[in-house]
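Here are a few short exercises on ring pairs and nonpolar packing. Have your viewer ready and try each one before reading its solution.

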Amino acid sequence: MAKPDNNKTSSILSSVYSAFLGSESALRRYLGRFLYRQEDIDDMVQETFLRAYRATRQRDIEFPKAYLFRVAKSVAMRELGRKAHQMTDYLEEAAAEEAPQPGSLEEHLQAEQTIQLYCNAIAELPPQCRRVFLMRKYQALSHKEIARELNISVGAVEKQVTLGIRRCMTYMEKQEAAADSSLPPAHQEHSHD
């Protein structure tokens, strides 16, 4: 069994480490497109380096800087998915904690489906739009606060919020139309009463 070449391993590790040091601020800016809290960005930068470092133990990394950015995107997407799942859970729990209102079981099921559709619509937004939309609608931050936090103009915030609202409404309308078209004709008449 051949011994690993320590010089080669050291060279690979130093190339990944050098690439990380040389592009850390660019990685932070890149991850800032997906995440807005500085703590989250810091965590994701560290996670990116650790994953890239671990990968060097299993294979050669030919282009370390490009690999770091690929890992960063993967880490950010996983984190966004986790946060979207948390938000869906939060909205479902908030809806469940509300005192039941008088009404039929059908109305309650419809309300739950609407909340689920809304969460799905938000999850479908482009990353920057979703981020701005959630900061505005979920965290209730002002346009100025969001602009300052993301280092973008207030106009860009307004545009992203408007885009988010429009896309969510379109998504909801399409889903409701699809649901209506799948109902039997007699039921469709009653659903519009």
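Two rings of Phe, Tyr or Trp count as a pair if their centres lie within 6.5 Å; planes under 30 degrees apart are stacked, and those over 60 are edge-to-face. Please keep in mind that this is a predicted model.

**Exercise 1.** Find how many aromatic pairs the whole structure holds, then classify the pair of Tyr30 and Phe69.

*Solution.* A search of the whole structure gives four aromatic pairs. For Tyr30 and Phe69, the centres are 5.5 Å apart and the planes make 70°, an edge-to-face arrangement. Next, place the partners: Tyr30 sits in helix α1 (residues 6-32) and Phe69 in helix α3 (residues 64-97), so this pair links parts of the chain 39 residues apart. Both Tyr30 and Phe69 are buried.

**Exercise 2.** Work out why the pair of Phe49 and Tyr53 is stacked, and decide whether each residue is buried or partly exposed.

*Solution.* Start with the geometry: the ring centres of Phe49 and Tyr53 are 6.3 Å apart with planes at 25°, so the pair is stacked. Both belong to helix α2 (residues 38-56), where a spacing of four residues puts them about one helical turn apart. Now the accessibility: Phe49 has 19% and therefore counts as buried, while Tyr53 has 33% and counts as partly exposed. Finally, ring pairs join Phe49 and Tyr53 with Tyr17 and Phe20 in a cluster.

**Exercise 3.** Describe the largest nonpolar core and say which helix supplies its largest share.

*Solution.* This core has 23 residues, and Phe20, Leu27 and Leu68 are among those with the most contacts inside it. Helices α1, α2 and α3 each supply at least two residues, with the largest share, eight residues, coming from α3.

How values were computed. Residues numbered from 1 in each chain as written. Predicted model: local features only at pLDDT ≥ 70, side-chain atom pairs only at ≥ 80, totals over all residues. Heavy atoms only, no water. Phe/Tyr/Trp six-rings, centres within 6.5 Å; stacked < 30°, edge-to-face > 60°. Buried < 20%, exposed > 50% of the residue type's maximum accessible area, 1.4 Å probe, protein only. Core = buried A, V, L, I, M, F, W, Y, C linked by side-chain atoms within 4.5 Å.
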